[in-house]
Every structure is written in structure tokens, then in C-alpha cells.
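Let's take a friendly walk through the charged side chains of this protein. Have the sequence and the 3D view open as you read.

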Amino acid sequence: MEEEYGVTDSPRKGPTLSTSTSSFEPFDAHDPNLSRLAIKMFQKTGDYITHELASTVDDYKLIENMNRAMMGKVADMRQMSQSIAVKNTELNQKYEELKPLLQRIDDIESTVDKLEAAAYQLDSYSIRLENKFKSLKTKQ
């Protein structure tokens, strides 16, 4: 007889909370073949779960090893970047030391360019003067 909260009567044990009509009772004798198959199923399920967990553990070990390797690579890259930063600072310092000399070189180059332009003008003037001298000499 079903009561208000789903309580039913078991054919052997009386009222239960189950709505199942199963005749399974834990201490009753069962089919030995069914018991053997159930034991085998639980063993296989246990083996499956054990292997799944072992696979997961192996995955975590692999990830741990990859993380260790990556930490080593990151440490190497950090050291390299620090070395580069030091070299860059040294290079900037040397550039600042050479900057006045480079400015002098630029000034000298500018002066040489002006001197070259004056030399071309002088050459041009001397050629015109020579031509004028030749023309005066031939007129005489």
C-alpha cells in the first residue's frame, strides 16, 4: 500500500522508500552465475577506474615535467634579457661618450662640404679667368 511520501511495502521486508518492485534482498541466495558476473564486472570496473586514474596521474606528471622545463627556459630567458639590458645600458653610455665626437665629425663634414663648394667656385672662376686671359692674349 503506497503512502503519502512514496513509502511502499516490500513483499518480504515490509515498508520501504523505493517504488521499485525488485525482489532483491541482500541476504537472500542468488544465482551463482549472476554473482560471478557481478564480481567480474566490479573487478573490470575497478581496473578501468584504476587505469583511468593512473593515466590522469601520468598526465599530471607530464605537465609537471613540462612546467619544470618551462621554468628553466624562463629562467634562462630572464638571465639573457638581464644581460641584454646591461649591454644596452653600456652601449647607450658609450654612445653618450661619443656624441660630442660625432658632433665634431658632423661639423667637420659640413666645413669640408663648404670648402669643396668654394673650391668648385674657385675652379670655375679660374677657368673663366684663363679663358678671358687667352682671349685678351689672342686679340693682341
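What follows looks at charge pairs and then at a charged patch on the surface. Please keep in mind that this is a predicted model.

Start with the pairs of opposite charge: the structure holds 2 salt bridges. One of them joins Arg68 to Glu64, with 2.6 Å between the closest N and O atoms. To find this pair, go to helix α1, which spans residues 32-139; Arg68 and Glu64 both sit there, 4 residues apart, or about one turn of the helix. How accessible is Glu64? Its relative accessibility is 39%, so Glu64 counts as partly exposed.

Now move along to the other pair, where Glu130 forms a salt bridge with Lys134 and the closest N and O atoms are 3.5 Å apart. A salt bridge is counted here when the nitrogen and the carboxyl oxygen are within 4 Å, and the 3.5 Å of Glu130 and Lys134 meets that cut-off. Glu130 and Lys134 are again partners in helix α1, separated by about one helical turn because they are 4 residues apart. Glu130 is partly exposed, with a relative accessible area of 42%, and Lys134 is partly exposed too, at 46%.

Finally, turn to the surface charges. Which residues form the negative surface patch? Asp106, Asp107, Glu109, Asp113 and Glu116 make it up. Glu109 is a good one to select in your viewer: this residue is placed in helix α1. With a relative accessibility of 47%, Glu109 counts as partly exposed. Patch residues need over 30% relative accessible area, so the 47% of Glu109 satisfies that requirement.

Definitions and conventions
Residues numbered from 1 in each chain as written. Predicted model: local features only at pLDDT ≥ 70, side-chain atom pairs only at ≥ 80, totals over all residues. Heavy atoms only, no water. Salt bridge = Lys/Arg side-chain N within 4 Å of Asp/Glu carboxyl O. Helix = DSSP H or I, 4+ residues; strand = E, 2+ residues; numbered from the N terminus. Buried < 20%, exposed > 50% of the residue type's maximum accessible area, 1.4 Å probe, protein only. Patch = residues over 30% accessible without salt bridge, like charges linked within 9 Å, V, L, I, M, F, W, Y side chains within 5 Å. Areas by Shrake-Rupley, 256 points an atom, 1.4 Å probe, with all protein chains shown as cover. Lys, Arg positive; Asp, Glu negative; His and termini not counted. Charge placed at Lys NZ, Arg CZ, Asp CG, Glu CD.
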